[in-house]
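Hi everyone, thanks for coming. Let me put the structure up so we can walk through it together.

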Amino acid sequence: MEKKRKLNVLSISDKVRLIQLVRNRKKCEIANEFNIPPNTLSSIIKQKEKIMKLNCGNMKKMRMTPYLDIDKCLLKWFTYSVLR
């Protein structure tokens, strides 16, 4: 039976580092160094603009909520009730 590859989740900051390394080195070397398949590295490079916009802190995922107004109201309610 074939062994399954361990899932390697990269943070946004790691992805930014990958994008910066691609400018100077070969893709296959970088993929091996970070222990990811080359096609994953290609996907990261395709999403370069989106990743660079979200480069803040040590986030793992790039999910954004479709309900921004509800999130703002919920945050306001939560901070108000905690501070009370």
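Let me start with a question: over residues 27-47, how much of the chain is helix, how much is strand, and how far apart are the end C-alpha atoms? That stretch is 81% helix and 0% strand, and its end C-alpha atoms sit 15 Å apart. I picked it since UniProt lists residues 27-47 as "DNA-binding region", in an unreviewed entry. Please keep in mind that what you see is a predicted model.

Okay, the overall picture. There are five helices and zero strands, so reading from the N terminus you get α-α-α-α-α. The protein has 84 residues, and 19% of them count as buried. It exposes about 7400 Å², with carbon and sulfur atoms supplying 56% of that. If you take the contacts with a separation of 6 or more, 54% of them are between residues 24 or more positions apart.

Now, the inside. In soluble globular proteins, nonpolar side chains tend to be buried together. Here, the largest nonpolar core has twelve residues, including Leu10, Ile12, Leu18, Phe34, Ile44 and Ile51. Helix H1 (12-22), helix H2 (27-34) and helix H3 (38-46) each supply at least two residues of this core. Which helix gives the largest share? That's H1, with four residues.

Let's zoom in on two members of that core. Ile44 is in helix H3. Buried or exposed, what would you say for Ile44? With a relative accessible area of 6%, Ile44 is buried, as that falls under the 20% cut-off. Leaving aside its neighbours within four places in sequence, Ile44 is in contact with Leu10, Lys15, Leu18, Ile19, Ile36 and Ile51. Take Lys15 from that list: Ile44 and Lys15 are 29 residues apart along the chain, yet their C-alpha atoms are separated by 6.9 Å.

The other one is Phe34. Setting aside neighbours within four places in sequence again, Phe34 is in contact with Asn8, Leu10, Arg17, Leu18 and Leu21. Leu10 and Leu18 belong to the core as well.

Next to Phe34 in the numbering comes Asn35, found in the loop between H2 and H3. The phi of Asn35 is near 60°, a positive value in a residue other than glycine. Asn35 counts as exposed, because its relative accessibility is 57% and the cut-off is over 50%.

While we're in this part of the chain, have a look at Cys28 in helix H2. Cys28 is partly exposed, with a relative accessible area of 45%. Its C-alpha atom is 6.1 Å from that of Pro38, ten residues apart along the chain.

Going back towards the start, Ser11 is in the segment before H1. At 3% relative accessibility, Ser11 counts as buried. And what does the side chain of Ser11 make a polar contact with? The partner is the side chain of Ser13, at 3.0 Å.

Last stop, helix H5, residues 68-83. H5 has 16 residues and reaches 23 Å from its first C-alpha to its last, close to the 22 Å expected at 1.5 Å a residue. How many of those 16 residues are buried? The number is zero, so H5 lies largely in the open.

So, to wrap up: H1, H2 and H3 each supply at least two residues of the core, while H5 has zero buried residues. That's it from me, thanks for listening.

Terms used. Residues numbered from 1 in each chain as written. Predicted model: local features only at pLDDT ≥ 70, side-chain atom pairs only at ≥ 80, totals over all residues. Heavy atoms only, no water. Core = buried A, V, L, I, M, F, W, Y, C linked by side-chain atoms within 4.5 Å. Buried < 20%, exposed > 50% of the residue type's maximum accessible area, 1.4 Å probe, protein only. Contact = heavy atoms within 4.5 Å. Polar contact = N/O pair within 3.5 Å; in protein donor to acceptor, adjacent residues only side chain to side chain. Expected span 1.5 Å × (residues − 1). Areas by Shrake-Rupley, 256 points an atom, 1.4 Å probe, with all protein chains shown as cover. UniProt positions renumbered as here; feature names shortened; annotations may be inferred.
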